[in-house]
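Thanks for making time this morning. I would like to walk you through one chain, going from a small sheet to a few of its loops and charged pairs, so please have the sequence and the structure open as I speak.

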Amino acid sequence: MLKSSNSRFLSGHKFSWLYPLIVTAIALPAVCVVWFLREALKSEEEAVNSLIDEAQERALQDFEKSIINLFAQRLEETKKSLNSERVYNVRLLNEVIAKDLADAVWVLVPGELVTPRDREFEGRALLERARGVRRATLGAKEKFTQLMNLLEDSEVRKLRLKSGRNAALMVCVMAFEEIDSENGITSDILALVDSVLDGTIRMDVPYNQYSYFYDKYGDLATSELAKKNVEAMSLLRRWQENAANVEQVENGVFTSGDIVCYKDDELILLYKESSILEMAGKLDERIELSFSKDESAKEYARKRVMFVPLERFTIAILDGFAPETANRTRLFLFIGGLVLVLSIVSGSAVLLLIRKQRDAAQLKNDLVATVTHELKTPVASIRLLVDTMLDESRKGFVDTGEYLELIDKENKRLGYLIDNFLSYSRMERNKSSFDIGPIDAVEVAQSAKEIFTERFKGKRYSLATDFSDDLPDALGNVEILSTAVGNLLENALKYGGKEPEITLRVTNGDNGVEFSVIDKGAGIPRSEQKKIFRKFYQSKRRLSDHSGGVGLGLSIVSFIVSKHGGSVGVQSEVGEGSCFTITIPYA
């Protein structure tokens, strides 16, 4: 009684008030979560902006420290090339430029150049031999060749005079003058100039002597490394001219005109401004260094001038830089989104469950009403016929045989309904009580036809049969399959129109014997074709013109076919009729 009351409650109008309640229960937490997220994100945005500012400024400070550290590393590397005498010579300059440690270098406290007496004599002897070659009556090219032959030994190139000047470089100058006096500037001279300037011919040449050579032959440099050495000498000259204008030294860094310098107690590294920009570009791809006077159209997250004395440079963080703390915002969004999704999913699940419960309750109520009607009709008919036959006043007017036939017909109808309910009961228990074996498919079709024609004798319809020849045996139960085919025939009769035209066809299929029932009725909409095999389901197109039944026929067909390992399907178009096909595996 309680279950019946619950069913009436769920299927009645009183259930409608639960929907707003459930929607409110879902929406209220969602709204609260959205509000919380909005407030949390607002606070988070302020905190993140502050952290971003701090992180960006820290990144700029780290970038400035990286430049200072790079200067210090290059200075230490340069010291490894400084000779034990601490004399500034061209070899130090060549090595610094070749290793790309700086654009130029200067020794602050050079050691005193001391030339041993024996080495001085060797140097003077080298010069005397060179003068002898020049006095000889030879051609300019031959003199040039003999002079350069004097310098083949690397030890000879280290010979110095008492003044510190390199004797080998003096011989080179003699060779240049000999060939230049006769032939002008030749490829031999250019190659030799490059070899001296780029350090290919290694000589311990003091700075002053090298400066003289640079003044006289620097413009003849052709190789890239030689040109760099010439630029280095030019940079040194400019630095010497402005050395007195140094205003401030910060962290070892100072500027002299347009030259950036880094120093300690022993050395000074000199850089062109363009070299500083190139060097900084390799430190951090997120940060850009530029001249303060330059205007850029780029978008920057943060921009400021560098520390003094490098205030001529501007450092800027490219737009798009964000610290890792921004991940917290994404975490908030993920958690909020997850809560919203879970609320919606759980609420939808509750609504779906309640809707299914409501539908089930409605289905049961409809079943009770339909069953009551379907059972009451034959019982009432039988009772009326029996009462008429028992009425003494009508005994002479009653055709007993006709009445008995009517009672038999209603009794069979009642039995058919009871059989359907018993089949439904077996479906609910998922039990089958029939044996399966090889059967004749035509026998199944004939049996179903006979039962159908007997039951619906007097109805206006036409039934045609089409059985293929040489049908193989199927694997099933004749009686049970006849029931399934009979249900399809009855369904075609109900929904086939006023005078249904029905065709029962048995053919060989790809997967088994196929039993097809075809009608030319109203057809079934595609939206309902998957639903019609559900228990108690009846097409909405016929609910207003109900022709009997409780909506179990097709679900019983589906149950029987599944127990045979087969399949059942329908092909239908609205207004063109339907074709139901049962496929039973071959034996």
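Which helix lies across S5 and S7? It is helix H10, residues 273–281, and this helix runs at about 170° to S5. I should say at once that we are looking at a predicted model, and that what I quote has been computed from it.

Let me stay with that sheet for a moment. It is an open sheet of three strands in the order S5-S7-S6, paired in the antiparallel sense. The edge strands, each of which pairs on one side only, are S5, residues 287–291, and S6, residues 300–305, and the twist from one strand to the next averages 20°. Between S5 and S7, which covers residues 313–318, there are five bridges, and the two strands run antiparallel; if you want a point of reference on screen, Ile287 has Ile317 in S7 as its bridge partner. In the loop that leads from S6 to S7 you will find Pro309, and the peptide bond from Val308 into Pro309 is cis, with omega near 15°.

Strand S6 also takes part in a contact with a remote stretch of the chain. Arg302 forms a salt bridge with Glu57, and the closest N and O atoms are 3.2 Å apart. The pair links distant parts of the chain, since Glu57 sits in helix H2, residues 18–79, while Arg302 belongs to strand S6, and 245 residues separate them. Is Glu57 buried or exposed? With a relative accessibility of 19%, Glu57 counts as buried, because the cut-off for that label is under 20%, whereas Arg302, at 28%, is partly exposed.

For the chain as a whole, there are 15 helices and 14 strands, and 42% of the 587 residues count as buried. Among contacts with a separation of 6 or more, 70% are between residues 24 or more positions apart. The chain exposes about 32,800 Å², and carbon and sulfur atoms supply 52% of that area.

Now to strand S14, residues 577–584. How many of its eight residues are buried? Eight of the eight are, so this strand is mostly covered. The cover is on both faces, with Gly577, Cys579, Thr581 and Thr583 buried on one side and Ser578, Phe580, Ile582 and Ile584 buried on the other. Strand S12, residues 513–519, pairs with S14 in the antiparallel sense over seven bridges, and there Val513 stands opposite Ile584. Strand S13, residues 567–573, is likewise joined to S14 by seven bridges and runs antiparallel to it, with Val568 opposite Ile582. The hairpin of S13 and S14 has three residues between the strands, and in it Gly575 takes a positive phi near 90°.

Positive phi values also turn up in residues other than glycine. Asp100, in the loop between helix H3 and strand S1, has a phi near 60°, and Asp100 is partly exposed at 43% relative accessibility. Asp470, in the loop between strands S9 and S10, has a positive phi of about 55°, and at 74% relative accessibility Asp470 counts as exposed.

That brings us to strand S9, which contains Leu463. Leaving aside neighbours within four places in sequence, Leu463 is in contact with Lys449, Phe452, Thr453, Leu489, Ile502 and Leu504. The C-alpha atoms of Leu463 and Asp519 are separated by 9.6 Å, although the two residues are 56 apart along the chain. Asp466 forms a salt bridge with Arg505, the closest N and O atoms being 3.3 Å apart, and this pair joins strand S9 to strand S11 across 39 residues of sequence. Asp466 is partly exposed at 37% relative accessibility, and Arg505 is also partly exposed, at 31%.

Let me finish on the surface. Which residues make the nonpolar patch of about 450 Å²? They are Phe334, Ile335, Leu338, Val339 and Leu342. Val339 is found in helix H11, residues 327–390, and at 32% relative accessibility Val339 counts as partly exposed.

Notes: Residues numbered from 1 in each chain as written. Predicted model: local features only at pLDDT ≥ 70, side-chain atom pairs only at ≥ 80, totals over all residues. Heavy atoms only, no water. Pairing = 2+ DSSP bridges. Helix = DSSP H or I, 4+ residues; strand = E, 2+ residues; numbered from the N terminus. Axes fitted to C-alpha atoms, helices over the stretch in contact; angles between N-to-C directions. Contact = heavy atoms within 4.5 Å. Patch = residues over 30% accessible without salt bridge, like charges linked within 9 Å, V, L, I, M, F, W, Y side chains within 5 Å. Areas by Shrake-Rupley, 256 points an atom, 1.4 Å probe, with all protein chains shown as cover. Salt bridge = Lys/Arg side-chain N within 4 Å of Asp/Glu carboxyl O. Buried < 20%, exposed > 50% of the residue type's maximum accessible area, 1.4 Å probe, protein only.
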